[in-house]
Amino acid sequence: MTPSLLRLPNAQACRPAWISSRASTLARRHRKNSRAVIASFAFCADEASFARELLSRRSQLWLFRSHQRRFCGDFVIVDMSDARAARRSAVAIDLKMGGRIRNTGGVQMSRLPDALQTLIRRGVISDTSAVSQLTGDAAALLARFGAR
């Protein structure tokens with residue numbers, strides 16, 4: 001099964017060519033249609049801008065692009081400031097153009113726990129890590145994370 005989260009290691013990874021290349025690799029590994037996998041992780045303009053801005057300004061944050069058909073939001077952000085996974089926090093983000101920030105994810109994040117299990121298995125976070133959900137405008141969320 002194609003993973004629910006794809007780590008974006010730096011701002012350059014927010015380019016369509018990088019997403020296409022990485023998604024094609026995943027498609028081969030999981031014997032899936034590469035176009036479908038690419039579409040599952042592709043960005044719209046405001047999502048790419050959000051990701052580039054966050055990654056270029058906050059190096060201690062790891063950003064994961066969510067599979068867009070898995071109901072786990074648009075991104076998951078993990079604060080890697082602490083060496084211990086149990087002390088790291090994660091925030092699932094669902095961008096809503098012009099929307100005020102809300103501490104909820106709704107249906108768009110109904111399968112977030114499944115996606116977080118991937119991060120737990122990889123040792124990025126633990127099952128005791130603080131996890132929150134935020135929905136709102138990209139600019140407001142960037143300001144909240146100190147990236148504006």
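Two rings of Phe, Tyr or Trp count as a pair if their centres lie within 6.5 Å. By this rule, three aromatic pairs turn up in this structure, which is a predicted model.

Take F43 and F75 to begin with. Their rings are stacked, with 6.0 Å from centre to centre and 25° between the planes. The label "stacked" applies because planes under 30 degrees apart fall in that class. The two partners come from distant parts of the chain, 32 residues apart: F43 lies in the loop between α2 (34-41) and α3 (45-57), while F75 belongs to strand β3 (residues 75-79). As for exposure, F75 is tucked away: its relative accessible area is 0%, so it counts as buried.

F75 also pairs up with F50, and here the rings are tilted, at 5.4 Å centre to centre and with 40° between the planes. Once again distant stretches of chain are linked, since F50 sits in helix α3 and F75 in strand β3, 25 residues apart. F50 is buried as well, with a relative accessible area of 1%; the cut-off for that word is under 20%. Put together, ring pairs join F43, F50 and F75 into a cluster.

Charged side chains get in on the act too. The charged end of R65 sits over the ring of F75, 5.1 Å from the ring's centre. F75 therefore has a stacked partner in F43, a tilted partner in F50 and, over its ring, the charged end of R65, and it is buried with a relative accessible area of 0%. Elsewhere, R7 places its charged end over the ring of W62, 3.7 Å from the centre of that ring.

Key
Residues numbered from 1 in each chain as written. Predicted model: local features only at pLDDT ≥ 70, side-chain atom pairs only at ≥ 80, totals over all residues. Heavy atoms only, no water. Phe/Tyr/Trp six-rings, centres within 6.5 Å; stacked < 30°, edge-to-face > 60°. Helix = DSSP H or I, 4+ residues; strand = E, 2+ residues; numbered from the N terminus. Buried < 20%, exposed > 50% of the residue type's maximum accessible area, 1.4 Å probe, protein only. Lys NZ or Arg CZ within 6 Å of the ring centre and 35° of its normal.
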